[in-house]
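Colleague: Hi! Have you got a moment to go through this model with me? I'd like to ask a few quick things as we look.
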Amino acid sequence: VEADITCPMEVEKGSNDKKESGEHAKESDSDDVGSRTLAFPSISTADFQFDLDRASDIIVDTAADFLQKFDSIRLVLVDLSEKSRILSLVKEKASKKSIDCSRFFTFVGDITQLRTRGLQCSVIANAANWRLKPGGGGVNAAIFSAAGESLQHATRKCADALRPGTSVVVPLPSISPLHQREGVTHVIHVLGPNMNPMRPDYMKNDYTKGSKILHEAYNSLFENFASIVQ
Ligand code: AR6
């Protein structure tokens, strides 16, 4: 299977994403690029209903700041569908900034099957709930299910709960199928702002506060990732 990986800087050059993806798709196991790569979902923009346009600005801004501070790390925004609107918005906005597209790009696929699909990546982020519980749908359910019970135990050792705008690093035990199959060594749980009235900590459409919290969530995620790499 060829990876649907695209370079944000190149998105306007052609419509055939797969063709332009060849370079990334064929990356080998031989270097340690995977251990310096963080793959993350778009925090808060599905079940938590955060506005996609605002979220894409925040993703591009925080990623650009972070890449300036740290050399030789990669950030990869992942979503399930080629039609993902958040991926399109981020690609479009990243291409307008001078961001190195080998260090920040988007990838279409399941975040629990990255190596299988050709992306070397040891650290993945989860859009968690405040109790750090498995299930509930979305990427949280997918990660807890793929990682098995050892992720629940490991998570319990690290934290009981999260405040919106914060994250926690959980080393993934080597017995976890996600570690064995995909080479994932760490999961970083992130709690973003919630704009869904049916979920806890509903922010009542307050985007002044909500945007600040989403900023904090990505900064916390990226800083935690940097602490693992160093
Ligand atoms: N691989 C990659 N991306 C995914 C996957 C996957 N397997 N599954 C979903 N996405 P969401 P939130 C994308 O709803 O909005 C949970 O129930 C999805 O398309 O998972 O932060 C938790 O328990 C979207 O772009 O997270 C919380 O209660 C992104 O992941 C709540 O939902 C985030 O969508 C968190 O809501």
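Colleague: Which helix is Ser 56 found in?

Modeller: Ser 56 belongs to helix H3. Keep in mind that this is a predicted model.

Colleague: Noted, thanks. Is Ser 56 buried or exposed?

Modeller: Ser 56 counts as buried, because its relative accessibility is 0% and the cut-off for buried is under 20%.

Colleague: How far is Ser 56 from Lys 93 in space?

Modeller: Their C-alpha atoms are 7.7 Å apart, with the two positions 37 residues apart in sequence. Lys 93 is itself one of the buried residues of helix H4.

Colleague: Let's stay on H4, then. How many residues does H4 have, and how far does it reach?

Modeller: H4 runs over residues 85-96, which makes 12 residues. From first C-alpha to last it reaches 17 Å, close to the 16 Å expected at 1.5 Å a residue.

Colleague: And which residues of H4 are buried?

Modeller: Besides Lys 93, the buried residues in H4 are Ile 86, Leu 87, Leu 89, Val 90, Lys 91, Ala 94 and Ser 95. When you look at how they are arranged, remember the general rule: an α-helix has 3.6 residues a turn, so residues three or four places apart point the same way.

Colleague: Handy. What caps the N-terminal end of H4?

Modeller: That would be Ser 84. One of its side-chain oxygens lies 3.5 Å from the backbone nitrogen of Ile 86.

Colleague: New topic: the ligand. Where does the ligand sit?

Modeller: In the largest pocket. There are 24 residues around the ligand, and those that come nearest are Ser 44, Asp 79, Asn 129, Gly 136 and Val 139.

Colleague: Which helix gives the most to the shell around the ligand?

Modeller: Helix H5 does, with four residues. H5 covers 138-147, and strand E3 (74-79) also supplies at least two residues of that shell.

Colleague: What about close polar atoms? Which residue has a backbone N or O atom 2.8 Å from an oxygen atom of the ligand?

Modeller: Val 139 has that one. Asp 47 also brings a backbone N or O atom to an oxygen atom of the ligand, at 2.9 Å. With Asp 110 the side chain takes part instead: one of its polar atoms lies 3.1 Å from a nitrogen atom of the ligand.

Colleague: How much of the ligand does the protein bury?

Modeller: The protein buries 91% of the 710 Å² that the ligand exposes when taken alone.

Colleague: Now the loops. Where does Gln 49 lie, and what is its phi near?

Modeller: Gln 49 is in the loop between E2 and H3. Its phi is near 60°, a positive value in a residue other than glycine. As a general point, most residues other than glycine have a negative phi. Gln 49 is partly exposed, because its relative accessible area is 43%, between the 20% and 50% cut-offs.

Colleague: Which loop holds Ser 72, and what is its phi near?

Modeller: Ser 72 sits in the loop between H3 and E3, and its phi is positive too, near 55°. Ser 72 is partly exposed, with a relative accessible area of 43%.

Colleague: Back to the E2 and H3 loop. Is Phe 50 buried or exposed?

Modeller: Phe 50 is buried, with a relative accessible area of 2%. It lies in that loop, between strand E2 (37-41) and helix H3 (52-69). In space its C-alpha is 9.1 Å from that of Gly 192, although the two are 142 residues apart in sequence.

Colleague: And Leu 114, where is that found?

Modeller: Leu 114 is in the loop between strand E4 (104-108) and strand E5 (123-127). At 3% relative accessibility, Leu 114 counts as buried. The C-alpha of Arg 181, 67 residues away along the chain, is 9.9 Å from that of Leu 114.

Colleague: Last one: is Trp 130 buried or partly exposed?

Modeller: Partly exposed, at 34% relative accessibility. Trp 130 is in the loop between E5 and H5, and its C-alpha is separated by 9.1 Å from that of Asp 201, 71 residues apart along the chain.

Key: Residues are numbered from 1 along each chain as its sequence is written. This is a predicted model: local features need pLDDT of at least 70, side-chain atom pairs count only at pLDDT 80 or more; totals for chains, interfaces and linings use all residues. Side-chain values use heavy atoms; hydrogens and water are left out. The expected span of a helix is 1.5 Å times one less than its number of residues. Buried means under 20% relative accessible area, exposed over 50%, partly exposed in between (1.4 Å probe, protein chains only). A polar contact is a pair of N or O atoms within 3.5 Å; within protein, one must be able to donate a hydrogen and the other to accept it, and residues adjacent in sequence count only if both atoms are side-chain atoms. A residue is near a molecule or strand if one of its heavy atoms lies within 4 Å of it. Accessible areas come from the Shrake-Rupley method with a 1.4 Å probe; for residues, only the protein chains shown count as cover. On a 1 Å grid over the protein atoms alone, a cavity is a set of points where a 1.4 Å probe fits but cannot get out, and a pocket is an open set with protein on both sides within 12 Å along at least five of seven lines; lining residues have an atom within 4 Å of a point. A molecule sits in a cavity or pocket if more than half of its atoms lie within 2 Å of its grid points.
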